[in-house]
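Welcome! Take a moment to look over the sequence and turn the structure around on your screen. Then let us walk through it together.

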Amino acid sequence: MKLVLLLLVAVLVLPLWRPGFGFRAQRLAHYADTGPAFDIQERLSGTLISEGMIYGPRGRVVSRFVARMNGEWDGATGTLSEDFAYANGSTQARKWYLTMGEDGHFTATADDIIGEGKGQQMGATVRLTYRIRLSEDAGGHVLDVTDWMYLMDNGTILNRSEMRKFGIKVAELIATMRPAEG
């Protein structure tokens, strides 16, 4: 009986586990013909406001934030400074270092990133993958992150990120980014 139950679970769950289903099924080519064109040197420049939520492994909101960001570019290299204010009263400052490559590819590093993030812009989207080490007060875990950013017609960027540990989704982030007013 246990074997039958195990096989039934495997038949029902394994198709959902594969990279070709849901969030991980997206490919940049799916968005190649969309617009407006997402140029990170243009859209991640100047002062931006980001508002978002982080969902835990059970699908509940575990954190909310507002961040003030500032992007600066010098040719093909740029920085994106982020100052987060979380709903629980904590704050965090981060800085991304971005380097443009060819054909919309770019690399991204930050103090809490392990190695180098790899990104590409295509159509109205940007995809960035990287490994992040959470702060000790957040458990110090190392997570594999996939960020998808979608540029809307009004200039707002919608960001959806999935965080995995050992291949299992443990968190998701949903955020907006838009130019600061004034």
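## The pocket

Let us start with the empty space. β2 contributes six residues to the lining of the largest pocket, the most of any element. Keep in mind as you read that this model is predicted.

How much space lies in the largest pocket? The answer is about 1,200 Å³. Its lining is made up of 49 residues, and those closest to the centre are I54, Y86, Q92, I132 and L173. The elements that each give two or more residues to this lining are β1 (46–55), β2, β3, β4 (91–100), β7 (125–133), β8 (142–151), β9 (157–165) and β10 (168–179). If you wonder how such a space is found, rolling a probe the size of a water molecule over the atoms shows where empty space is left.

## The overall plan

Now step back to the whole chain. Two helices and ten strands make up the protein chain's elements. Following the sequence from its start, you meet them in the pattern α-α-β-β-β-β-β-β-β-β-β-β.

In what order do the ten strands close into a barrel? They run β1-β2-β3-β4-β5-β6-β7-β8-β9-β10, with antiparallel pairing. On average, neighbouring strands of this sheet are turned by 25 degrees against each other, direction ignored.

Two percentages describe the chain as a whole. Of its 182 residues, 36% count as buried. Among contacts between residues at least 6 apart in sequence, 34% join residues at least 24 apart.

## Strand β2 and its end

Back to β2, which spans residues 61–74. Ten bridges join β2 to strand β3 (residues 77–86), and the two run antiparallel. Along this pairing you can find A67 standing opposite F84 in β3.

D74 also belongs to β2. Is D74 buried or exposed? D74 counts as exposed because its relative accessibility is 63%, and exposed means over 50%. Try finding Q41 as well: Q41 and D74 are 33 residues apart along the chain, with their C-alpha atoms separated by 9.5 Å.

## A buried aspartate in a loop

D112 makes a nice contrast to look at next. You will find D112 in the loop between β5 (105–109) and β6 (113–122). D112 has a relative accessible area of 18%, so it is buried; the cut-off for buried is under 20%.

Which residues does D112 touch? Leaving aside residues up to four places away in sequence, they are Q92, R94, R131, I132 and R133. With R94 there is also a polar contact of 2.6 Å between the side chains. Two residues on that list, Q92 and I132, appeared earlier among those closest to the centre of the largest pocket.

## Two hairpins around β9

Finally, look at the last three strands. β8 and β9 pair in the antiparallel sense over eight bridges, and one bridge partnership links L151 with I157 in β9. Their hairpin has five residues between the strands, and G155 there takes a positive phi near 95 degrees.

On to the next pair: β9 and β10 are also antiparallel, and nine bridges hold their pairing. Here M163 has A171 in β10 as its bridge partner. How many residues lie between β9 and β10 in their hairpin? There are two, and F166 in the turn has a positive phi of about 55 degrees.

Terms used. Residues are numbered from 1 along each chain as its sequence is written. This is a predicted model: local features need pLDDT of at least 70, side-chain atom pairs count only at pLDDT 80 or more; totals for chains, interfaces and linings use all residues. Side-chain values use heavy atoms; hydrogens and water are left out. Helices (H or I, at least four residues) and strands (E, at least two) are DSSP runs, numbered from the N terminus. Buried means under 20% relative accessible area, exposed over 50%, partly exposed in between (1.4 Å probe, protein chains only). Two strands pair if DSSP finds at least two bridges between them. Axes are lines fitted to C-alpha atoms, for helices over the stretch in contact, and angles run from 0 to 180 degrees between N-to-C directions. A polar contact is a pair of N or O atoms within 3.5 Å; within protein, one must be able to donate a hydrogen and the other to accept it, and residues adjacent in sequence count only if both atoms are side-chain atoms. Contact means heavy atoms within 4.5 Å. On a 1 Å grid over the protein atoms alone, a cavity is a set of points where a 1.4 Å probe fits but cannot get out, and a pocket is an open set with protein on both sides within 12 Å along at least five of seven lines; lining residues have an atom within 4 Å of a point. Grid points are joined across faces, edges and corners, and a volume is the space filled by probe spheres set on the points.
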